[in-house]
Amino acid sequence: MKKENNKPQTNKVKIKLFYDGQRYTDDVTVIVNGEVFIIKRGVEVEVPDYVKSALDNAAAQERAAQKYIEFMQG
């Protein structure tokens, strides 16, 4: 009997996370629906498109938070 795979089809995308040798050096952990991805900075890697989407969303949230902090500080 063939086992069905209930996972939706995902596309792989290439990403390269910023690395500066000082502040941005640690690997980045991304967890999506219980799946854990540890992404090394400064190296081009292939990840499912939903991982890139999660990283993009996190970056947008950081920008929004920084804008709010600047607004509140006057």
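Biologist: Which residues make up the largest nonpolar core?
Modeller: This is a predicted model. In general, nonpolar side chains in soluble globular proteins tend to be buried together. The largest nonpolar core here counts 10 residues in all. They are Ile15, Leu17, Val28, Val30, Val32, Phe37, Ile39, Val47, Val51 and Leu55.

Biologist: Which element gives the most to this core?
Modeller: Strand S2 (28-32), strand S3 (35-39) and helix H1 (49-73) each supply at least two of its residues. The top contributor gives three residues. That element is S2.

Biologist: In what order do the elements run from the N terminus on?
Modeller: The protein chain has one helix and four strands. From the N terminus on, the order is β-β-β-β-α.

Biologist: Why does Ile15 count as buried?
Modeller: Ile15 lies in strand S1, residues 12-15. Buried means under 20% relative accessible area. Ile15 counts as buried because its relative accessibility is 9%.

Biologist: What is Ile15 in contact with, leaving aside neighbours within four places in sequence?
Modeller: Ile15 is one of the residues of the largest nonpolar core. Gly42 is 27 residues from Ile15 in sequence, and their C-alpha atoms are 9.5 Å apart. With neighbours within four places set aside, the contacts of Ile15 are Ile39, Val43, Glu44, Val45, Val47, Lys52 and Leu55.

Biologist: And which residues is Ile39 in contact with, under that sequence filter?
Modeller: Ile39 is also in the largest nonpolar core. Neighbours within four places in sequence are again left aside. The list for Ile39 is Ile15, Leu17, Asp27, Val28, Val30, Val45, Val47, Val51 and Leu55.

Biologist: How much space lies in the largest pocket?
Modeller: The pocket is lined by 14 residues. Closest to its centre are Leu17, Arg41, Leu55, Ala59 and Glu62. Leu17 and Leu55 also belong to the largest nonpolar core. The space in the pocket is about 410 Å³.

Biologist: Which element gives the most to the lining of the largest pocket?
Modeller: By class, the lining has eight nonpolar, no polar and six charged residues. Seven residues of the lining come from one element. That element is H1.

Biologist: What share of the residues counts as buried?
Modeller: The protein chain exposes about 6,600 Å², and carbon and sulfur atoms supply 49% of that area. The cut-off for buried is under 20% relative accessible area. Of the 74 residues of the protein chain, the buried share is 16%.

Terms used
Residues are numbered from 1 along each chain as its sequence is written. This is a predicted model: local features need pLDDT of at least 70, side-chain atom pairs count only at pLDDT 80 or more; totals for chains, interfaces and linings use all residues. Side-chain values use heavy atoms; hydrogens and water are left out. A nonpolar core is a set of buried Ala, Val, Leu, Ile, Met, Phe, Trp, Tyr and Cys residues joined through side-chain atoms within 4.5 Å. Buried means under 20% relative accessible area, exposed over 50%, partly exposed in between (1.4 Å probe, protein chains only). Contact means heavy atoms within 4.5 Å. On a 1 Å grid over the protein atoms alone, a cavity is a set of points where a 1.4 Å probe fits but cannot get out, and a pocket is an open set with protein on both sides within 12 Å along at least five of seven lines; lining residues have an atom within 4 Å of a point. Grid points are joined across faces, edges and corners, and a volume is the space filled by probe spheres set on the points. Ala, Val, Leu, Ile, Met, Phe, Trp, Tyr, Cys and Pro count as nonpolar, Asp, Glu, Lys and Arg as charged, and the others, Gly among them, as polar. Accessible areas come from the Shrake-Rupley method with a 1.4 Å probe; for residues, only the protein chains shown count as cover.
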